[in-house]
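Biologist: I'm new to reading structures, and I'd like a close look at one part rather than a quick tour. Could you pick a part and walk me slowly through it and its surroundings?

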Amino acid sequence: MSELTALTLKAALDGLTSKAFSSEEITRAHVAAVEAARTLNAYVLETPEQAIDMAKASDARRASGDAGPLDGAPLGIKDLFCTKGVRSTAGSKIIGEFTPTYESTVTANLWRDGAVMLGKLNMDEFAMGSSNETSAWGPVVNPWRQTGGNALLTPGGSSGGSATAVAAELCLGATATDTGGSIRQPASFTGTVGIKPTYGRCSRWGIVAFASSLDQAGPMARTVEDAAILLTSMSGHDPKDSTSLPVDTPDFASFVGKSVKGLRVGVPKEYRVDSMPPEIDALWEQGIAWLMEAGCEIVEVSLPHTKYALPAYYIVAPAEASSNLARYDGMRYGLRVEGANLTDTYEKSRAEGFGEEVRRRILIGTYVLSAGYYDAYYLKALKVRRRIADDFDQAFQKVDALLTPTAPSAAFQLGQKSDDPVAMYLNDIFTVTVNLAGLPGMSIPAGLDASGLPLGLQLIGRALDEGTLFSLGGALEKAADFRAKPAKWW
Amino acid sequence: MAIDAATVRKVARLARLAQPEETLEKLAGELNGIMNWIEQLNEVDTDGVEPMTSVVQVPTPMRADVVTEGGDPEVVLSNAPRRAGNFFVVPKVVE
């Protein structure tokens with residue numbers, strides 16, 4: 001039944017609607033694919049029985065004529081989303097065997113629309129990482145390998161499990177989250193489509209918090225249209241998240257395939273960094289040419305504070321994380337390591353439960369918020385953040401969207417950058433600006449590098465203008481005609 | 001301003017992270033590497049710039065001050081590392 005796992009989400013929904021196959025059939029095909037791909041370490045928890053039950057319920061709904069927009073489609077869920085009655089760990093030992101008694105709003109929206117859950121997807125611990133190597137469950141492996149090579153590559157992070165599961169056809173689509181690039185960089189590394197919507201488009205309620213002013217959920221999928229279908233279901237105002245925007249959700253799929261003629265697309269000159277491989281520069285030029293052929297007007301724009309986005313992010317995100325992660329004290333849930341007294345118990349539980357990168361970021365965050373340093377670091381970073389957001393405001397007075405590379409490299413080998421935090425942070429150089437400004441950003445697979453690895457291009461839009469991104473993304477996807485798939489070796 | 005082992009010890013204490021003495025020097029080196037890279041923010045002129053704490057321009061919504069959920073101790077305690085009856089068991093706070 002492997003052909004059922006190779007379908008796009010849209011084709012699968014069409015097949016379910018026309019009763020070409022049942023949800024139980026396509027779900028069983030996926031369950032088998034997931035079991036056969038354990039060497040990729042994409043799923044930290046498989047829920048086959050629940051999946052089959054949900055599939056049967058979906059088939060019953062469809063038989064009685066009340067199927068929802070995603071009815072019967074098997075999906076993977078990043079382990080950052082709390083799922084009722086199903087262990088949710090955020091990739092961390094400190095959360096232990098935590099089993100939520102509630103459902104995150106985003107996943108509840110997917111189940112409302114009929115989707116089926118295959119299991120929980122691996123990720124960097126608390127979404128802090130760009131290679132999936134900080135996960136307490138061990139790294140996810142990218143299904144892509146260099147031509148003729150067998151070195152294990154990272155799928156990127158933090159949504160590495162989501163990226164691998166989508167690329168290796170272990171689900172029809174997946175949920176993911178993006179705080180500094182955690183949807184878009186893995187999408188670029190695995191030849192998949194990922195969109196981080198406008199901050200506030202998806203509710204953060206029930207998603208384990210990393211940096212609350214930056215975190216945003218979004219989908220990963222194999223086509224632009226599939227990503228649009230998923231985002232439509234995931235989005236919507238939620239009174240339980242006070243930063244959730246009280247706006248209507250458009251039918252994002254209706255924007256895919258729309259003409260992009262006359263749209264003005266900006267190319268920010270500051271994204272031409274010295275260290276960028278010539279292949280990525282060439283792909284960017286190709287993307288510009290594709291959009292020109294589709295009738296877009298290309299405009300050079302300036303985002304002068306781009307180079308300061310990453311350092312500002314590495315103050316803001318750890319500061320918020322150190323505050324958010326203060327809740328893991330071993331008292332009410334999760335890991336507790338008994339000590340001589342209360343403070344000793346806190347310190348031992350947290351030292352034992354958090355991994356190295358998370359501890360490092362908690363220390364940075366605590367340091368920049370501590371007395372005497374708050375103004376010099378934290379307040380300064382918030383002012384630079386405003387400068388970065390203002391840059392985008394200026395640019396969007398002249399253009400409708402921006403086109404940039406997604407990541408400064410293709411997928412790299414597991415272990416290659418894990419000893420150098422700053423080198424790892426530089427993965428997010430093109431994506432992190434978007435989180436700081438709260439804007440939507442999408443990565444679209446656009447080509448392969450000389451060693452046969454996928455590369456993505458990023459589109460950045462105005463706040464709440466995901467529709468334009470879906471139109472432009474559809475145009476790029478059509479022009480790039482990216483059909484390469486990883487050769488199955490697992 | 002360089003971070004030394006004493007600073008790491010103090011910050012780790014503030015963050016309630018047990019940090020073995022022999023790890024402090026190495027960690028100080030790593031944190032200095034990161035903070036030195038962050039220092040480039042000082043190149044940016046931010047005079048008169050309003051700090052940006054949130055990208056959301058919608059005012060914080062108000063809600064009615066009513067109980068929406070609760071009254072289910074089994075749900076609340078279902079993940080407790082230690083419990084006794086309807087209580088969490090925690091280390092002694094007051095001697």
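Modeller: Let's start with chain B: of its 95 residues, 15% count as buried. Keep in mind that this is a predicted model. Chain B has three helices and two strands, and along the sequence they run α-α-α-β-β. Its radius of gyration is 23 Å, well over the 12 Å the globule rule gives for 95 residues, so chain B is more spread out than a compact globule. Along the principal axes, its C-alpha atoms fill a box of roughly 55 × 45 × 25 Å.

Now set chain A beside that. Here 62% of the 490 residues count as buried. A compact globule with 490 residues would have a radius of gyration near 23 Å, and the 21 Å of chain A agrees with that. The C-alpha trace of chain A spans about 65 × 55 × 50 Å along its principal axes, and the chain holds 16 helices and 11 strands. Take the contacts in chain A between residues at least 6 apart in sequence: 77% of them join residues at least 24 apart.

So where do the chains touch? Chain A puts 53 residues into the contact, and chain B puts in 40 residues. On the chain A side, the elements giving two or more residues are H10(A), H11(A), H12(A), H13(A) and H14(A). H13(A) supplies the largest share of that side, 10 residues. Sorted by class, the chain A side has 27 nonpolar, 14 polar and 12 charged residues.

Two of those helices deserve the close look: H10(A), residues 309–324, and H12(A), residues 356–369. Their axes come within 7 Å and cross at roughly 100°, which makes H10(A) roughly perpendicular to H12(A). From H10(A), the residues that meet the other helix are A:Ile315, A:Pro318, A:Ala319, A:Ala321 and A:Ser322. On the H12(A) side they find A:Arg361, A:Ile362, A:Ile364, A:Gly365, A:Thr366, A:Val368 and A:Leu369. By class, this helix-to-helix contact has eight nonpolar, three polar and one charged residues.

H10(A) has a part in the inside of the model as well. Nonpolar side chains tend to be buried together in soluble globular proteins. In this model the largest nonpolar core has 167 residues, and A:Leu75, A:Ala228, A:Ala312 and A:Ile315 touch the most other members. H10(A) gives this core its largest share, 10 residues. You've already met A:Ile315, in the contact of H10(A) with H12(A).

A:Leu75 is worth clicking on too. Leaving aside neighbours within four places in sequence, its contacts include A:Leu110, A:Val116, A:Met117, A:Leu118, A:Cys171 and A:Leu172.

Finally, try H6(A), residues 160–167. Eight of its eight residues are buried, so this helix is largely enclosed by the rest of the structure. Among those buried residues are A:Gly160, A:Gly161, A:Ser162 and A:Val166. What covers them includes strands S1, S2, S3, S4 and S6 and helix H7 of chain A. Just after H6(A), A:Glu169 takes a positive phi of about 60°.

Conventions. Residues numbered from 1 in each chain as written. Chains lettered and ligands numbered in written order. Predicted model: local features only at pLDDT ≥ 70, side-chain atom pairs only at ≥ 80, totals over all residues. Contact = placed C-beta atoms within 7 Å. Helix = DSSP H or I, 4+ residues; strand = E, 2+ residues; numbered from the N terminus. Nonpolar A, V, L, I, M, F, W, Y, C, P; charged D, E, K, R; others polar. Core = buried A, V, L, I, M, F, W, Y, C linked by C-beta atoms within 7 Å. Buried ≥ 20, exposed ≤ 12 C-beta atoms within 10 Å, placed from the backbone. Rg over C-alpha atoms; globule rule 2.2 N^0.38 Å. Axes fitted to C-alpha atoms, helices over the stretch in contact; angles between N-to-C directions. Parallel < 35°, antiparallel > 145°, perpendicular 65-115°, else oblique.
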